[in-house]
Amino acid sequence: MRVLALAGRRLAASLPTLVLILAGMFLLLQLAPGDTVDALLGQMGGGGDAALAAELRRYYGLDLSVPAQLANYFWRLVRLDLGFSAIYGKPVATVILERLPTTLLLMSAALSFAFFVGLVLGVLAARRVNGWTDTLISTLGLVFYATPSFWFGLMAIVLFSVHLAWLPAGGFEEIGAGYTGLRRVLDIAAHLVLPTLTLGLIFLAIYLRIMRASMLEVLTLDFVRTARAKGLDETRVLTRHVLRNAMLPMVTLIGLQAGTMLGGSVVVESVFSLPGLGRLAYEAVVQRDLNTLLGIVFISALLVIVVNFLVDLVYARLDPRIGAGR
Amino acid sequence: MSGPVLSIRGLGVRLPRNADRSHALRDVSLDIQPNEILCVVGESGSGKSMTASAVMRLLPANVAIDAGQVLFGGEDLVQASEARMRALRGAGIAMVFQEPMTALNPLRTVGDQIAEMFRIHTRMDAAAISARTLGLLEEVRIPDPRLALRAYPHELSGGQRQRAMIAMALALDPKLLIADEPTTALDVTTQAQILALIKDLQRRKGTAVLFITHDFGVVAEIADRVAVMQHGLVVEQGPASEVLHAPQHDYTRALIAAVPAIGAPAPRPVSDTNILQMRGVEKTYRTGGFLGRHARVTHAVRGVTLDLPKGATLGIVGESGSGKSTLARCIVRLVEPERGVITLDGTDLLKLRRREMRQAARRVQMVFQDPFASLNPRRRAGELVAQGPMVHGVPRAEAMRRAKELFALVGLDPAATDRFPHEFSGGQRQRIGLARALALEPEVLVADEPVSALDVSVQAQVLRLLQDLRVRLGLSLVFITHDLRVAAQVCDLVAVMKDGEVVEHGPVAEVFRAPRHAYTRALLDSVPGRHFAGAAPA
């Protein structure tokens with residue numbers, strides 16, 4: 001009941017956020033010189049036919065005033081219509097839906113990898129604080145954090161794909177191989193190993209540091225002393241009392257990083273030539289494909305809001321003090 | 001009766017190399033008989049808590065036992081294996097800690113945490129465990145035990161949490177209960193209840209109790225025998241009546257002399273003119289509630305009307321949540337009261353606009369409770385003191401020179417203005433806080449629990465300094481405290497607050513000698529060891 005009430009409140013609060021993001025994005029894009037029609041004409045050969053341009057603008061509704069265009073856009077969104085991409089010649093919803101699974105898969109794989117490995121390494125480092133394990137793990141974390149992800153990606157391709165030939169260098173699956181069922185799943189998994197590691201390593205370093213610091217802090221709290229005074233052994237003190245308390249900041253971080261991860265996926269998708277949302281966004285910017293770009297922003301914002309919403313629910317589940325009316 | 005339950009012989013605990021002394025404990029020897037409460041008394045840093053940790057073998061990482069024996073039922077715990085210690089902790093020797101707020105895991109229910117005792121030390125099944133847990137909660141007289149079983153720690157009050165802690169400690173009928181300042185963080189009436197509970201359970205179960213405290217009032221209330229510690233040494237021990245009424249060691253005598261008597265000293269004449277007047281002051285807090293749903297209104301201060309005569313000390317006493325601190329903050333306008341009038345020498349403070357209030361702020365200054373948290377750790381002590389006058393336009397050099405004078409005035413070394421707050425002790429920090437307040441040459445000083453965080457001997461020094469400054473500088477004081485002994489000692493007038501209202505006020509001697517309101521009587525009855533007082537008032 002407490003969790004449900006919290007969920008309702010959070011959901012209501014996230015709607016204005018969504019509207020603000022979309023309106024802001026739309027208006028910002030109006031400031032950029034050139035529009036879809038310019039890009040389209042440029043692609044067609046750069047002909048200066050003013051009549052054709054005007055005709056196209058009228059067709060795409062670009063001749064209206066900015067507020068009218070914005071109002072149109074929102075009205076279409078309400079009907080779940082993301083518009084038509086002039087560049088791809090398909091509805092934006094279709095374009096995005098083709099790309100979304102790849103990004104979702106990559107993001108959730110990278111996030112889980114970073115979260116769980118970061119958690120384990122953080123706990124290990126905190127248990128042997130200032131020992132050699134701690135030093136090794138912390139140094140490794142710093143190396144991961146300091147290295148740019150595209151470099152990691154390129155080096156991983158050089159080592160694992162080119163020299164060792166263990167894993168494919170790019171793409172989402174073997175095109176034309178026609179795998180089905182389990183074979184296809186394994187094929188996709190093999191393609192995603194390197195991108196996941198590349199995207200996850202930076203976040204792993206952050207989770208590791210947060211977990212280590214949070215563990216060290218919780219270990220000094222009074223209830224840990226109480227647990228020891230009850231006669232619990234160190235392992236049980238850790239699993240029954242420390243871990244859940246120390247995980248609270250980690251859970252908060254997931255919500256905060258969902259957005260950053262979408263940004264990070266642009267680089268990784270480019271390096272590994274994955275057909276994902278990140279690359280689509282990049283292409284849409286270059287081609288002035290306003291509708292697609294706004295569609296992506298809408299979906300990304302929705303994604304981040306959903307992740308944060310879920311994080312809030314998990315947090316409320318983990319911590320009974322949340323939403324207790326105080 | 002067989003031999004002692006616990007016998008500590010020549011115990012030494014070594015501190016890390018860079019500590020201020022080589023040993024936390026030196027040659028500590030104590031015996032605790034069955035069915036006996038031994039109080040270990042001392043000020044902070046005396047090693048009393050370290051003794052408890054050493055018995056439990058729960059010492060901090062770089063601190064180790066280097067001499068002596070801890071015999072528990074004939075077994076030397078210093079030599080015992082870690083596995084043996086784990087089996088003893090909780091089952092043979094249990095512990096209750098000071099902070100009921102933090103000593104329980106906030107993410108697990110109270111019942112679950114008590115049941116954990118049975119789960120790790122016995123092979124009882126789940127149904128038997130939950131029945132025993134409920135029984136324990138009934139035994140410690142927690143209101144509505146079934147609800148408490150499923151409650152999370154934050155849903156219980158401080159006193160209830162401490163009851164749950166005691167239930168947990170007594171779950172397996174340990175032979176020895178170590179209670180480390182178990183009532184220090186509690187209100188005086190709750191403290192009285194918890195002390196009675198511990199004593200009652202101890203008598204019924206025949207448990208031996210090692211009770212650690214800094215408060216001689218508590219000792220007088222509960223102890224069978226007393227051991228006094230100073231700098232890691234036991235300086236005196238013996239039956240409670242002997243130590244309390246015929247102390248042998250100088251340190252014990254000094255400690256006991258520093259305990260203020262609850263009877264007030266002879267009243268001083270107070271001036272007829274009031275410097276500060278409060279009329280119908282009200283402050284309510286509203287929490288939560290989006291669009292007015294589930295909104296909770298707390299009446300922190302309700303229609304308070306009080307007068308502070310020039311040169312007098314007005315004590316405001318009450319328990320936590322009584323609104324005394326909110327009232328203090330209203331006077332200096334750190335919080336804005338909704339209704340009422342507060343006049344300082346004829347000026348209505350609440351009518352002043354922001355800028356005028358900043359000018360008036362120098363006339364009413366505040367001293368805060370926590371000498372550790374109320375000073376910015378990144379600024380030098382001198383700057384902290386000089387900051388106020390500088391804001392009001394005094395040139396820096398002049399303000400710093402004044403700061404040095406003020407340091408001398410509050411009994412600090414003027415050369416110490418260059419040091420940072422962490423380099424001072426608690427009592428010295430409170431002196432810095434005083435110097436900071438006095439830097440603006442206020443007429444009224446509002447002191448919010450200024451000595452509550454201090455050891456009893458330091459407390460006596462700071463109180464004397466306050467008295468002395470009041471006379472020398474012609475200050476008028478509003479003195480907020482929960483400690484009736486302190487109030488009796490320093491105040492001319494006293495107001496008792498409960499739930500935001502002043503239930504009784506008048507000259508301190510009158511109120512304390514013949515309390516008219518039932519709540520005042522309850523408060524006075526709850527003061528631990530209320531008939532006990534230092535031999536000679538300092």
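Where chain A meets chain B in this predicted model, the contact draws on 22 residues from chain A and 26 residues from chain B. On the chain A side, the elements that supply two or more residues are helix 9 (222-229) and helix 10 (234-271). Helix 9 of chain A gives the most to this side, with 6 residues. As for chemistry, the chain A residues that touch chain B divide into 10 charged, 7 nonpolar and 5 polar.

Let's pick out one residue of helix 10 of chain A, namely A:Arg244. Leaving aside residues up to four places away in sequence, A:Arg244 touches A:Leu318 and B:Leu107. Is A:Arg244 buried, exposed or partly exposed? A:Arg244 counts as partly exposed because 16 other C-beta atoms lie within 10 Å, while a buried residue would need 20 or more and an exposed one would have 12 or fewer. For a sense of distance, A:Met25 is 219 residues away from A:Arg244 in sequence, and the two are 39 Å apart in space, C-alpha to C-alpha.

Now turn to a helix pair within chain A. Helix 5 (residues 92-127) and helix 8 (residues 181-219) of chain A have axes that come within 6 Å and cross at roughly 35 degrees. The crossing of helix 5 and helix 8 of chain A is right-handed. In the contact of these two helices, the residues divide into 23 nonpolar, 4 polar and 1 charged.

A word on confidence as you look around: the model scores ipTM 0.77 and pTM 0.77. For chain B, the mean pLDDT is 84, and 96% of its residues reach 70 or more.

Terms used. Residues are numbered from 1 along each chain as its sequence is written. Chains are lettered from A and ligands numbered from 1 in the order in which they are written. This is a predicted model: local features need pLDDT of at least 70, side-chain atom pairs count only at pLDDT 80 or more; totals for chains, interfaces and linings use all residues. Two residues are in contact if their C-beta atoms, placed from the backbone, lie within 7 Å. Helices (H or I, at least four residues) and strands (E, at least two) are DSSP runs, numbered from the N terminus. Ala, Val, Leu, Ile, Met, Phe, Trp, Tyr, Cys and Pro count as nonpolar, Asp, Glu, Lys and Arg as charged, and the others, Gly among them, as polar. pLDDT is the predictor's confidence in each residue, from 0 to 100. Axes are lines fitted to C-alpha atoms, for helices over the stretch in contact, and angles run from 0 to 180 degrees between N-to-C directions. A crossing is left-handed if the near helix is turned anticlockwise from the far one by less than a right angle, and right-handed if clockwise.
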